[in-house]
Amino acid sequence: NLLLNGGSGIAVGMATNIPPHNLNEIADAIKLVIEKPEATLDDLMEVVKGPDFPTAGAIFNQAEIRQAYATGRGRVTMQAVMTMEESAQGRTQIVVTELPYQVNKANLLERIADLVRAKRIEGVSDLRDESDRHGMRMVIELSRGASYATVKNQLYKHTALRSTFAVNMLALDNGQPKTLTLKEALVAFIDHRREVIRRRAEFDLEKAQERAHILQGLLKALDLLDLVIAAI
């Protein structure tokens, strides 16, 4: 559940920061560990490609992801998805359709505007938020003669359009705080489910035995029906 939903928190002397993941990938990874307990991290990463952030965006460093899954600690570099379009007026514009996780769009627009005014980002003539019910769309219109690649790199360098997610997979395992690798987290969940299913079966068995005890008494009563009626 922590892998699916992600989670973050701070306590005294410790903190956790777990990225969210894709439901299908985690379910397939659990199935793989059940069927092949000796599965390696490489086997798991064939199934779990990396974190799956709700705001989408791109993750491009496989080595960083592997480090985080292998040790429970690491970082994931995320960046926005940008495309180049031409406006009706013939101007080149950068269109941002996906943002890194936990980046606030309004704050980001304000930050870009401040950097343009301070001339730390050059070549931007207009900035618009065209997001609607169909999805996110942030438009950065370039000045005439400005280079798409240059402005794009400046945006990545100076703004949260490229940012990192510090992975720290600390969780309570049997009441003890522990930094879990990807496989350890999956094994802990499988062990938990086995315990839940065992305890559920024991509970159902106890109820069935209690019911059986009553039914056995009623069967005895049927054999001695005349005595039972007389006693009543």
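Which residues of the largest nonpolar core touch the most other members? In this predicted model, they are Leu3, Leu44, Tyr69, Phe165, Leu182 and Leu186, out of 28 residues in that core. Several elements contribute to this core: H2, helix H3 (41-47), helix H4 (62-71), strand E4 (73-79), strand E9 (162-168) and H7 each give at least two residues. H2 provides the largest share, with 5 residues.

Tyr69 can be followed in detail. Leaving aside residues up to four places away in sequence, Tyr69 touches His21, Leu41, Met45, Val48, Gly50, Pro51, Thr181 and Leu182. Leu182 is itself listed with Tyr69 among the core residues that touch the most other members.

The model also holds a second core, separate from the one above and made of 20 residues, with Met82, Val96, Val124 and Tyr156 among them.

From packing, the description turns to empty space. The largest pocket encloses about 600 Å³. Its lining consists of 24 residues, and those closest to the pocket centre are Asn1, Ala185, Ala188, Phe189 and His192. By class, the lining comprises 17 nonpolar, 3 polar and 4 charged residues.

Where does the lining of the largest pocket come from? Helix H1 (2-5), helix H2 (23-35), strand E10 (170-173) and helix H7 (182-223) each supply at least two of its residues. The largest share, 8 residues, comes from H7. H2 and H7 thus appear in both accounts: each supplies at least two residues of the largest nonpolar core, and each supplies at least two residues of the pocket lining.

How values were computed. Residues numbered from 1 in each chain as written. Predicted model: local features only at pLDDT ≥ 70, side-chain atom pairs only at ≥ 80, totals over all residues. Heavy atoms only, no water. 1 Å grid on protein atoms, 1.4 Å probe; cavity = no way out; pocket = protein on both sides within 12 Å on 5 of 7 lines; lining within 4 Å. Points joined across faces, edges and corners; volume = space filled by probe spheres on them. Helix = DSSP H or I, 4+ residues; strand = E, 2+ residues; numbered from the N terminus. Nonpolar A, V, L, I, M, F, W, Y, C, P; charged D, E, K, R; others polar. Core = buried A, V, L, I, M, F, W, Y, C linked by side-chain atoms within 4.5 Å. Buried < 20%, exposed > 50% of the residue type's maximum accessible area, 1.4 Å probe, protein only. Contact = heavy atoms within 4.5 Å.
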